[in-house]
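Reader: Could you take me through the packing and the empty space in this model, one feature at a time?

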Amino acid sequence: MSREFDVIVYGASGFTGRLVAEYLALTYPQGLNWAMAGRSLTKLQEVRSEMGVPGDIALITANADDPASLRAMCERATVVITTVGPYQLYGSDLVAACVATGTAYVDLCGEPAWMREMIDRHHEEAQRSGARIVFSCGFDSIPFDLGVLTLQEAAQAQFGSPAPRVKCRVRQMKGGFSGGTAASLKATLAAAARKPSLVMLLSDPFALAPGHAGPHQPAGLLPEFDPTINAWTAPFIMAPINTKNVHRTNFLLGQPWGDMVYDEMVVAGLGDMGKAAAEALAKMNPLAGDKGPKPGEGPSKEEREAGHFDILFAGLMPDGTRIDAVVTGDKDPGYGCTSKMLAESALCLLRDVEGAGGVWTPGALMGAKLRERLVANAGMTFTAG
């Protein structure tokens, strides 16, 4: 398939879209034919100049309210990167355009109800057209998706079978949620209030694996003492999307990890202070009210550079033996690391993996190839043993 552009960044004038454009310009100054797209040509010109993007990078106008403009954009690209969310409000026509034109697609989606709708509506058509649609290519859910993959590869190599119980524990995370993440969560809650049937889907850990029902999974809604790591843990706000993506990866790969039980929690600390911290975290909603950035806003470059994350995956074998994997990132997870993960996912689809059309997860379609890219280019580490 020969297209005018290798990659088009749609939403390039938004906060995360700017970072993706900057990353591509700095990391791939040669050999990549890419363009920036958005609603306003004037804003795109401003961003191109502000972010140090070369003046010969093409600018394309396309609008979520104009399906014809989205289709025209997709016809020119091998891969479309989109940062225009909430996706349940602004993403459906773009997915449809990519599916219709056989164009690969990556986004930052953490909206499981919309993702399930897109799977039901487009998976079979994408298989026919060859469009590779990959949701959740940012902090939700690549570190978790590839973290479980890394752990299970190590378990298979060491024990000859996957770990049936995997505990994900976020040990460190410095950096805020993006304004887009906050808007997406609020839009999801508003949709559930209008349509109560969505509540069942949002609470189902296998909601993105249609027709599959696995074993009971921990709810992760209350603080608890975890004897595996000898520390108190608290609910993790991103667990509802990450766990669904991890189970979909297992589902798409044909259940190589069996009926895995998987949960995600935040490590709060040791002893009585850890318990108090876990209880406080459980009551706190960082996205409540008007807290946090609005879509299009975000932290300074210094704040992004100072961010990082460290995530432990503890695999428990039937005989009680434990095997660990660790995933780290060197920037603010919601912006700095996310923009790099999104860009590298697009490059992985462009250069490293082919694969059939369909609605995929990063782990199921790109797996080890994407992990190699993130280690080589994006300041991430994946270790196991």
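The dialogue below goes from helix contacts to empty space and then to backbone details.

Author: Before we start, note that this is a predicted model: local features need pLDDT of at least 70, side-chain atom pairs count only at pLDDT 80 or more, and totals for chains, interfaces and linings use all residues. Residues are numbered from 1 along each chain as its sequence is written, and side-chain values use heavy atoms, with hydrogens and water left out.

Reader: Fine. At what angle do α1 and α13 cross?

Author: First, the naming: helices (H or I, at least four residues) and strands (E, at least two) are DSSP runs, numbered from the N terminus. Axes are lines fitted to C-alpha atoms, for helices over the stretch in contact, and angles run from 0 to 180 degrees between N-to-C directions. Here the crossing of α1 and α13 is at roughly 60°, and their axes come within 9 Å. That makes α1 oblique to α13; angles under 35 degrees count as roughly parallel, over 145 as roughly antiparallel, 65 to 115 as roughly perpendicular and the rest as oblique. α1 passes α13 in a right-handed crossing; a crossing is right-handed if the near helix is turned clockwise from the far one by less than a right angle, and left-handed if anticlockwise.

Reader: Which residues of α1 and α13 make the contact?

Author: Contact means heavy atoms within 4.5 Å. On the α1 side you will find F15, T16, L19, V20, Y23, L24 and T27, facing Y335, S339, K340, L342, A343, E344 and L347 of α13. By class, the contact of α1 with α13 has 9 nonpolar, 3 polar and 2 charged residues. In this count Ala, Val, Leu, Ile, Met, Phe, Trp, Tyr, Cys and Pro are nonpolar, Asp, Glu, Lys and Arg are charged, and the others, Gly among them, are polar.

Reader: And how do α13 and α15 pack?

Author: The axes of α13 and α15 are 10 Å apart, at an angle of about 130°. α13 and α15 are therefore oblique to each other, and their crossing is right-handed. M341, E344, S345, L347, C348 and R351 of α13 make the contact with K369, L370, R373, L374 and N377 of α15. The residues of that contact divide into 5 nonpolar, 2 polar and 4 charged.

Reader: What is the angle between α7 and α15?

Author: Helix α7 (residues 142-159) and helix α15 (residues 367-377) pack at about 115°, with axes 10 Å apart. That makes α7 roughly perpendicular to α15, and α7 passes α15 in a left-handed crossing. The contact brings I142, L146, L149, T150 and E153 of α7 together with G367, A368, L370, R371 and L374 of α15. Its residues are 6 nonpolar, 2 polar and 2 charged.

Reader: Now the empty space. How many cavities of 30 Å³ or more does the search find?

Author: Rolling a probe the size of a water molecule over the atoms shows where empty space is left. On a 1 Å grid over the protein atoms alone, a cavity is a set of points where a 1.4 Å probe fits but cannot get out, and a pocket is an open set with protein on both sides within 12 Å along at least five of seven lines; lining residues have an atom within 4 Å of a point. Grid points are joined across faces, edges and corners, and a volume is the space filled by probe spheres set on the points. In this structure the search finds 1 cavity of 30 Å³ or more. The largest cavity has a volume of about 30 Å³, and its lining consists of M115, I119, F135, L208, N245, R248, V359, W360 and T361. α6 (112-129), α10 (239-252) and β13 (358-360) each supply at least two residues of that lining.

Reader: What lines the second largest pocket?

Author: That pocket holds about 250 Å³ of space. Of its 16 lining residues, the closest to the centre are E22, Y23, E305, K331 and K340. The largest share of the lining, 5 residues, comes from α1. By class, the lining has 4 nonpolar, 5 polar and 7 charged residues.

Reader: Last, the backbone. Where is P86?

Author: P86 lies in the loop between β4 (77-82) and α4 (87-90), and a cis peptide bond with omega of about 0° joins G85 and P86. The peptide bond from D140 to S141 is also cis, with omega near 15°.
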